[in-house]
Amino acid sequence: MGLDLDQWLVAVRRCEPLPEADLKRLCAHVTDLLLEESNVVVVSSPVRICGDLHGQFHDVLELFRVGGEVDDGTAYVFLGDYVDRGYNSLETLLLLLLLKARYPRRVTLLRGNHESRAVTQTYGFYDECLRKYGGGDAWRECCAVFDCLPLAALVDGTVLCVHGGLSPEIKLVDQINTLIRQQEIPNEGAFTDLLWSDPDDVEQWTVNQRGCGWLFGGRIVREFNHLNNTDLICRAHQLAMEGYQYHFNDKQLLTVWSCPNYCYRCGNSAAILTLNGKERTFQVFSEVETPEYPD
């Protein structure tokens, strides 16, 4: 039996979770699509780049209103952290999985550090699945999809997109394709660094206070871009009050944050980056009213 993706999209856009049997079918289908992609997905511009979403479903609908609907031909790269903290992680994830299933060449979904069994059991997604489905099977199906998400995207050969940052074990983009990604995020190593590392005002690789990944500075960014003939590293992972933030003076590293009023209290804006050849433009937006709150 085929998947009724269009009908499922109508329901999920009303913030209605899919029945568990349909969720399992969707996860299996998207898993097959993701396994056809390499660790580094090659993407052509024009394309929108979006950072953390964190389950703020109604703000995700606003993101598509601002940036353009995938149904209308707009292409997106999402940098991870779709779940946790927000009230509607499940619906947010289902919407993205449905768009990936319906328009696989227009939607690229990368893995963030929250696409993890350990993290989602702490920050809300696991409990949300228990509450909405009465058990852990749906959560386990989603985590199996997480294990298949690519780790990076390369836009026009010049912009590297990752969730977190760089790794001392990765000098060349091609090395990312050698990593084994179909697993839970390890405690350390190159895979982990790509999802957890952060920029900072440091000269050398420095221990990250998060407990995972590294801190890296402008010199390391410049060396990486020089070796790989890239112009920009685009990442998410850190709150940017204006929705985006360039780091260091040469604008070779950029944070994009797409979750407005993070955790419904931070007061920040959100942004979408559009890449079109060498042109970079930003669309900044604010939170919308969230009509549904947990009991």
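**The aromatic cluster and the main core**

Begin by selecting Phe64, Tyr76 and Phe78, which together make up one aromatic cluster. The model on display is a predicted one.

Keep Phe64 and Phe78 selected and add Leu26, Leu63, Tyr82, Leu95 and Phe125. These are the residues that touch the most other members of the largest nonpolar core, which has 49 residues. Colour helix α4, residues 89-102, next: this helix gives the most to the core, with nine residues. Centre the view on leucine 95 and display its contacts. Leaving aside residues up to four places away in sequence, leucine 95 touches Leu9, Val12, Arg13, Phe57, Val60, Leu61 and Phe64. Another core, of 24 residues, lies apart from the largest one; Val162, Leu195, Cys212 and Phe224 are among its members.

**The six-stranded sheet**

Now turn to the open sheet. Its six strands follow the order β1-β5-β6-β10-β12-β11, and the pairing is mixed. Strands β1 (40-43) and β11 stand at the edges with a single partner strand each, so one side of each has no neighbour in the sheet. Looking across the sheet, one finds a twist that averages 20 degrees from one strand to the next.

Select β1 together with β5. These two strands pair in the parallel sense, over four bridges. Valine 42 has leucine 154, in β5, as its bridge partner. On the other hand, strand β5 (residues 152-155) runs antiparallel to strand β6 (residues 159-161), and three bridges join them. Leucine 154 appears again here, with leucine 160 of β6 as its bridge partner. Valine 155, for its part, stands opposite valine 159 in β6.

Are the residues on the two faces of β5 buried or exposed? Ala152 and Leu154 on one side, and Ala153 and Val155 on the other, are all buried, and both faces of the strand are thus covered.

Follow the chain from β5 into β6 and stop at aspartate 156. The hairpin of these strands has three residues between them, and aspartate 156 takes a positive phi near 55 degrees.

Then show helix α10, residues 218-228. This helix lies across β6, β10 (232-235) and β12 (253-256), and runs at about 115 degrees to β10.

**Aromatic pairs**

The count of aromatic pairs comes to 10. For one of them, select tyrosine 246 and phenylalanine 282: the ring centres are 6.2 Å apart and the planes stand at 90 degrees, so the pair is edge-to-face. Tyrosine 246 lies in strand β11 (residues 244-247) and phenylalanine 282 in strand β14 (residues 279-285), so the pair ties together parts that are 36 residues apart in sequence. Phenylalanine 282 has a relative accessibility of 23% and counts as partly exposed.

Move to tryptophan 257 and tyrosine 262, an edge-to-face aromatic pair with 5.0 Å from centre to centre and 80 degrees between the planes. Both tryptophan 257 and tyrosine 262 are buried.

**Salt bridges**

The last stops concern charged side chains. The structure holds 22 salt bridges. Select arginine 14 and glutamate 16, which form a salt bridge whose closest N and O atoms are 3.0 Å apart. Glutamate 16, at 33% relative accessibility, counts as partly exposed.

Select next aspartate 22 and arginine 25, whose side chains meet in a salt bridge at 3.3 Å, N to O. Both lie in helix α2 (residues 20-35), three residues apart, which is about one turn of the helix. Aspartate 22 counts as buried, at 18% relative accessibility, whereas arginine 25, at 27%, counts as partly exposed.

Return to helix α10 and select arginine 219 with glutamate 203. They form a salt bridge with the closest N and O atoms 3.8 Å apart. Arginine 219 lies in helix α10 and glutamate 203 in the loop between β7 (198-199) and β8 (206-207), so this pair ties together parts that are 16 residues apart in sequence. Arginine 219 is partly exposed at 25% relative accessibility, and glutamate 203 is exposed at 54%.

Finish with Glu20, Lys24, Asp137 and Arg140, which are joined into one network by salt bridges that share partners.

How values were computed: Residues are numbered from 1 along each chain as its sequence is written. This is a predicted model: local features need pLDDT of at least 70, side-chain atom pairs count only at pLDDT 80 or more; totals for chains, interfaces and linings use all residues. Side-chain values use heavy atoms; hydrogens and water are left out. Rings of Phe, Tyr and Trp (its six-membered ring) pair if their centres lie within 6.5 Å; planes under 30 degrees apart count as stacked, over 60 as edge-to-face and the rest as tilted. Buried means under 20% relative accessible area, exposed over 50%, partly exposed in between (1.4 Å probe, protein chains only). Two strands pair if DSSP finds at least two bridges between them. Axes are lines fitted to C-alpha atoms, for helices over the stretch in contact, and angles run from 0 to 180 degrees between N-to-C directions. Contact means heavy atoms within 4.5 Å. A nonpolar core is a set of buried Ala, Val, Leu, Ile, Met, Phe, Trp, Tyr and Cys residues joined through side-chain atoms within 4.5 Å. A salt bridge is a side-chain nitrogen of Lys or Arg within 4 Å of a carboxyl oxygen of Asp or Glu.
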